[in-house]
Amino acid sequence: MTNTLVFAPDTLVRFRNGQILIHTTSSAAPAFVTDNAMLTGWLTQFARPLSAAQALQQVGAADRPVAVAALEHLLDAGALIAAETTGSAAVNDTAAHDRSRRHLRTLARSVYDLACDALAFGPDIERQLGISTGIGLERRLMALLAAVDGLRNEFRTRRDGYLERQLSALGVIAGQQDLRLHIGCGMGMLDNWVNIDIHPAPLAMNVLWGLPFADGSAQCVFVSHLLEHLYYPHDARAFLCEIRRVLKPGGIVRIVVPDVEQCIDAYVANDRSFFGSRRETWDWWPENPTRLEDFLAYAGAGTDPGYLFEAHKFGYDFETLSRLMQEAGLQHVERSEFMSSRHPELRVDEISAVAKARYGDRFYSLFVEGQA
Ligand SMILES: C[S@@+](CC[C@H](N)C(=O)[O-])C[C@H]1O[C@@H](n2cnc3c(N)ncnc32)[C@H](O)[C@@H]1O
């Protein structure tokens with residue numbers, strides 16, 4: 001048996017009704033389940049690298065065969081791994097991040113499901129949990145909230161340093177003026193702009209952290225197909241207020257979003273080509289959605305919480321977007337057209353695969369500009 005063992009990073013160890021259940025999220029192997037009291041405490045030692053031989057010495061001779069069988073089972077299932085095979089730190093970080101992405105989707109969906117279950121039960125579940133476990137629902141939820149909050153606080157303390165390192169690598173210095181910000185850049189990078197998105201963008205961040213630039217430091221901001229990914233109205237308005245803050249007086253923001261009014265028109269006119277030709281740009285779009293499914297997903301209805309950044313949370317027509325921009329303090333809000341900004345530096349729509357998507361001679365997007 002391999003010498004030093006440790007639980008794989010995605011191993012879940014759970015205790016339920018006197019049993020211990022151990023499985024990983026990446027392996028299809030069924031959970032290892034035992035109610036052997038000796039194993040229950042003994043196995044949890046492998047939360048840290050531990051020599052199998054040393055661990056087995058702690059077990060009486062009578063229990064050794066069952067302990068060896070448990071170790072072999074967990075090794076086969078990938079729940080225990082050889083500590084020395086975990087590889088370089090960089091490879092581990094990437095692999096762990098890939099797993100974390102899956103866990104976060106599951107977590108987002110699970111929290112939603114938990115809330116629905118709890119509300120469906122009503123007060124009865126408070127009493128039942130209190131009687132059977134001694135800890136009612138409210139206290140259990142507070143513990144969950146504290147755990148999430150604790151992690152978010154740790155993120156918060158690391159944010160500034162993380163942003164500073166990236167800005168310095170990009171050569172953006174404190175107090176710099178006349179910046180050009182391309183926010184939600186996806187794969188399309190604009191030269192001599194600060195291209196911003198989540199990892200692995202040149203400036204990787206969540207735009208809801210606030211923008212790491214001084215007041216009045218940007219001459220223009222380009223945001224293509226990001227706004228509909230933020231919750232409306234609170235997050236979307238807060239984001240636009242940040243844009244307004246970093247724009248210098250007279251600076252311009254150009255916002256491109258799906259044009260939901262056109263989508264409604266196409267639905268009412270039963271224009272199947274409008275919906276059908278979308279697949280030419282969005283090749284991952286489901287093969288045969290009904291017009292209504294297509295429209296609602298586009299407009300941000302029925303989002304699964306597990307989709308996180310990817311899903312649309314809202315849809316805009318000109319009336320709604322221009323009001324939101326004005327609420328954020330932007331002025332002279334006006335409609336524009338593809339590559340037709342009145343400001344030459346903002347004729348950049350070509351960089352966006354989605355902004356340039358069209359059906360026939362019309363674009364799917366709504367192009368709007370406002371001034372600080
Ligand atoms: C539909 S893509 C558009 C990409 C590109 N602008 C284009 O038009 O082709 C939406 C982009 O917004 C980014 N995004 C969504 N929410 C975000 C957030 N809160 N912070 C940073 N980026 C976000 C996504 O990561 C994704 O790259």
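What follows is a working chat about a predicted model of a protein chain with a ligand.

Me: Let's start with the ligand. Which residues come nearest to the ligand?
Reply: There are 17 residues around the ligand, and those that come nearest are G184, D197, N206, S224 and S352.

Me: And what is the make-up of that shell, in terms of nonpolar, polar and charged residues?
Reply: The shell around the ligand divides into 9 nonpolar residues, 7 polar residues and 1 charged residue.

Me: What about the backbone, where does G184 sit relative to the ligand?
Reply: For G184, a backbone N or O atom lies 2.5 Å from a nitrogen atom of the ligand. A backbone N or O atom of S224 is placed 2.8 Å from a ligand nitrogen, and for V207 the corresponding distance, again from a backbone N or O atom to a nitrogen atom of the ligand, is 3.0 Å.

Me: How much of the ligand's surface does the protein bury?
Reply: Taken alone, the ligand exposes 590 Å², and the protein buries 84% of that area.

Me: Switching to I196. Where does it lie, and is I196 buried or exposed?
Reply: I196 lies in strand β8, which runs over residues 194-197, and I196 counts as buried because its relative accessibility is 0%, where the cut-off for a buried residue is under 20%.

Me: OK, what does I196 touch?
Reply: Leaving aside residues up to four places away in sequence, I196 touches L181, H182, I183, G184, C185, A201, L203, M205 and F213. One of these contacts, G184, is also among the residues that come nearest to the ligand.

Me: How far is I196 from L21?
Reply: The C-alpha atoms of I196 and L21 are separated by 42 Å, and the two residues are 175 residues apart along the chain.

Me: What domains is the chain divided into?
Reply: The division gives domain 1 over residues 4-85, domain 2 over 92-158 and domain 3 over 173-371. Between domain 1 and domain 3, the C-alpha centres lie 49 Å apart.

Me: Now the strands early in the chain. What can you say about T34?
Reply: T34 is found in strand β4, residues 32-34, and T34 is buried because its relative accessible area is 10%. The side chain of T34 reaches the backbone nitrogen of N36 at 3.0 Å, and T34 touches G18, Q19, I20 and L39 when residues up to four places away in sequence are not counted.

Me: And R16, which strand is that in?
Reply: R16 lies in strand β2, residues 11-16. R16 counts as partly exposed because its relative accessibility is 45%. Measuring from C-alpha to C-alpha in the model, R16 and V33 are 9.9 Å apart in space, with a separation of 17 residues in sequence.

Me: Helix α11 next. Which of its residues are buried?
Reply: In helix α11, residues 318-327, the buried ones are T320, L321, S322, L324 and M325.

Me: What covers them?
Reply: The cover over the buried residues of α11 includes helix α7 (234-246) and strands β11 (247-258), β12 (331-336) and β15 (365-371). Just after α11, G329 takes a positive phi of about 95°.

Me: Backbone oddities, then. Which residues other than glycine have a positive phi?
Reply: As background, most residues other than glycine have a negative phi, and most peptide bonds are trans. Among those with a positive value is N192, whose phi is near 65°; N192 is found in the loop between β7 (179-183) and β8, and N192 is exposed because its relative accessible area is 68%. Another is L308, with phi near 50°, which lies in the loop between α10 (291-299) and α11. L308 is partly exposed because its relative accessible area is 34%.

Me: And where are the cis peptide bonds?
Reply: The peptide bond from H199 to P200 is cis, with omega near 10°, and P200 lies in the loop between β8 and β9 (203-204). Another cis peptide bond joins Y232 and P233, with omega about 0°, and the place of P233 is in the loop between β10 (218-224) and α7.

Definitions and conventions:
Residues numbered from 1 in each chain as written. Predicted model: local features only at pLDDT ≥ 70, side-chain atom pairs only at ≥ 80, totals over all residues. Heavy atoms only, no water. Near = heavy atom within 4 Å. Polar contact = N/O pair within 3.5 Å; in protein donor to acceptor, adjacent residues only side chain to side chain. Areas by Shrake-Rupley, 256 points an atom, 1.4 Å probe, with all protein chains shown as cover. Nonpolar A, V, L, I, M, F, W, Y, C, P; charged D, E, K, R; others polar. Helix = DSSP H or I, 4+ residues; strand = E, 2+ residues; numbered from the N terminus. Buried < 20%, exposed > 50% of the residue type's maximum accessible area, 1.4 Å probe, protein only. Contact = heavy atoms within 4.5 Å. Domains from an automatic or database assignment.
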